[in-house]
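Student: I'd love a close look at one part of this protein, the place where the ligand sits. Could you walk me through what surrounds the ligand, and then through a strand and a few loop residues elsewhere?

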Amino acid sequence: MNTTQRFRIFNVVGARPNMMKIAPIIAEMRRHSDLHPVLVHTGQHYDFAMSQVFLQQLDLGEPDYNLQVGSGTHHSQTAQVIRTFGELVQNDRPDMIVVAGDVNSTVACALVGAKELIPVAHIESGLRSFDRQMPEEVNRVITDAIADLLFTTEQSAARNLMQEGVPSEKIFFTGNVMIDSLVTALAAARRSTILDQLGVRPQKYAVLTLHRPSNVDDPERLQSTLRAISEIAKDIPVIFPIHPRTAGRVSSLRIENIRDWSGTAAIGSQGIWTVPPASYLDFLCLMDSSAMMITDSGGVQEETTYLGIPCLTYRDNTERPVTITNGTNRLIGTSPAELVIAAKKALSEKHRNGHVPPPLWDGHAAERIVRVIRNYWNSNDIGKKIDRKRH
Ligand code: UD1
């Protein structure tokens, strides 16, 4: 390793789930004097509750660059990230770009790297729902087709990538960085006072998250889903930390049994209670002590698998099959009636008996990823090329 030369790496975050994936990688990079990690925030998520609180709680600090792209249609948001990140990269060329997950910022920044001939590493590569109607699936396929280093969280991912023609030398099964963040934060999360603030007791409530366009954009569909959940909420209170995308839509519906938590009084013994988006530590705490999660999120399927909490995934597919084969996740489809049946069944069962997390979900994925990145820098002659470029 050339000790005088530092390898400058742009680590990109855009939306909330990117932060849990990039934080352990930056922390690990900071431990190596030959690496110079730079944090770039595209600004896809920008509210305090969707962005800054995560930067703080995950020790990411202030981003080195914030592109402030904000919201928009998928194409305009993606185009805006390409334009602003492209300008940044032309002015301040990194040696590598690390992107994570499947959000619009991921694919946009990967494209810039590919066009500028800068190596791109993709964290959480190879996951496939095989549903091209999901914007995230399109983002995953494109990002993986142009990335140079593909880091996977579960074994299904390498199979998917090889079927798409990705050479096996580019694929590294390094484990799940989201679980690295969870392992680091769990003790602090268990000290959170969120249960007291809401007035709930462990295992005596369920948590709901919903934000996928397929679940929330059609008012009729959202209405029938929430009616089903209000049926479940007759047996147990359902806490609903509400994503901004969903919040606007729920407010225009008329559903009995759904209430906004006032922030002062305790939530009741039944009903759906909307609460503001939770911070990372509060959300982990809520999840860890819940009787059951109902979700359409990818990250929640993984976190519940690690924690051994029953998870009902309200979707027709999952790109994370290991959470079903080795975890606590159940894919229940998108029928409201089936959701009620599955929830009543899950609530009647015992859980947390001798649960073993999937392979390499052990809190050390970032170490393995950074080892591969340093080897790449060493062995690929890339260091020499960068030296020539700089002198
Ligand atoms: C994005 C990701 C999704 C990820 C989710 C996590 C894509 C295609 N989707 O979806 O994969 O699971 O983030 O949350 O990238 N808004 C705010 N404040 C914010 C951010 C958004 O009010 O800080 C509102 C805006 O009205 C915006 C809407 O939420 O239009 C949706 O935000 P957007 O970034 O477009 O997608 P998400 O639904 O958050």
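**The ligand site and beyond**

Tutor: Happy to. In this predicted model, the ligand takes up the space of the largest pocket. The shell around the ligand draws on several helices: helix 1 (16-29), helix 3 (74-91), helix 5 (135-146) and helix 11 (244-251) each give at least two residues to it. There are 21 residues around the ligand, and H45, Y46, D47, N104 and E136 are the ones that come nearest.

Now for the polar contacts, all of them to oxygen atoms of the ligand. From Y46 the partner is a backbone N or O atom, 2.8 Å from a ligand oxygen. E136 uses its side chain instead, with a polar atom 2.7 Å from an oxygen of the ligand. H243 also takes part through its side chain, where an N or O atom is 2.9 Å from a ligand oxygen. On its own the ligand has 750 Å² of accessible area, and the protein covers 86% of that.

Let's turn to strand 9 (residues 238-241). In a regular strand, side chains alternate between the two faces of the sheet. Here V238 and F240 point one way, while I239 and P241 point the other way, and all of them are buried. Strand 9 has a parallel partner in strand 8 (residues 206-209), joined to it by two bridges, and V207 stands opposite I239. Strand 11 (residues 272-275) also runs parallel to strand 9, with four bridges between them; in this pairing V238 stands opposite I272.

Next come the loops. Most residues other than glycine have a negative phi. Q68 has a positive one, near 50°, and is not a glycine. You will find Q68 in the loop between strand 3 (65-66) and helix 3, and Q68 counts as exposed because its relative accessibility is 65%, over the 50% cut-off. F130 also has a positive phi, about 60°, without being a glycine. F130 belongs to the loop between strand 5 (120-123) and helix 5, and its relative accessibility of 62% is why F130 counts as exposed.

One last loop residue to look at is T328, between helix 14 (322-325) and strand 14 (329-331). T328 counts as buried because its relative accessibility is 17%, under the 20% cut-off. A polar atom of the T328 side chain lies 2.8 Å from the backbone oxygen of I309.

Definitions and conventions: Residues are numbered from 1 along each chain as its sequence is written. This is a predicted model: local features need pLDDT of at least 70, side-chain atom pairs count only at pLDDT 80 or more; totals for chains, interfaces and linings use all residues. Side-chain values use heavy atoms; hydrogens and water are left out. Buried means under 20% relative accessible area, exposed over 50%, partly exposed in between (1.4 Å probe, protein chains only). Two strands pair if DSSP finds at least two bridges between them. A residue is near a molecule or strand if one of its heavy atoms lies within 4 Å of it. A polar contact is a pair of N or O atoms within 3.5 Å; within protein, one must be able to donate a hydrogen and the other to accept it, and residues adjacent in sequence count only if both atoms are side-chain atoms. Accessible areas come from the Shrake-Rupley method with a 1.4 Å probe; for residues, only the protein chains shown count as cover. On a 1 Å grid over the protein atoms alone, a cavity is a set of points where a 1.4 Å probe fits but cannot get out, and a pocket is an open set with protein on both sides within 12 Å along at least five of seven lines; lining residues have an atom within 4 Å of a point. A molecule sits in a cavity or pocket if more than half of its atoms lie within 2 Å of its grid points.
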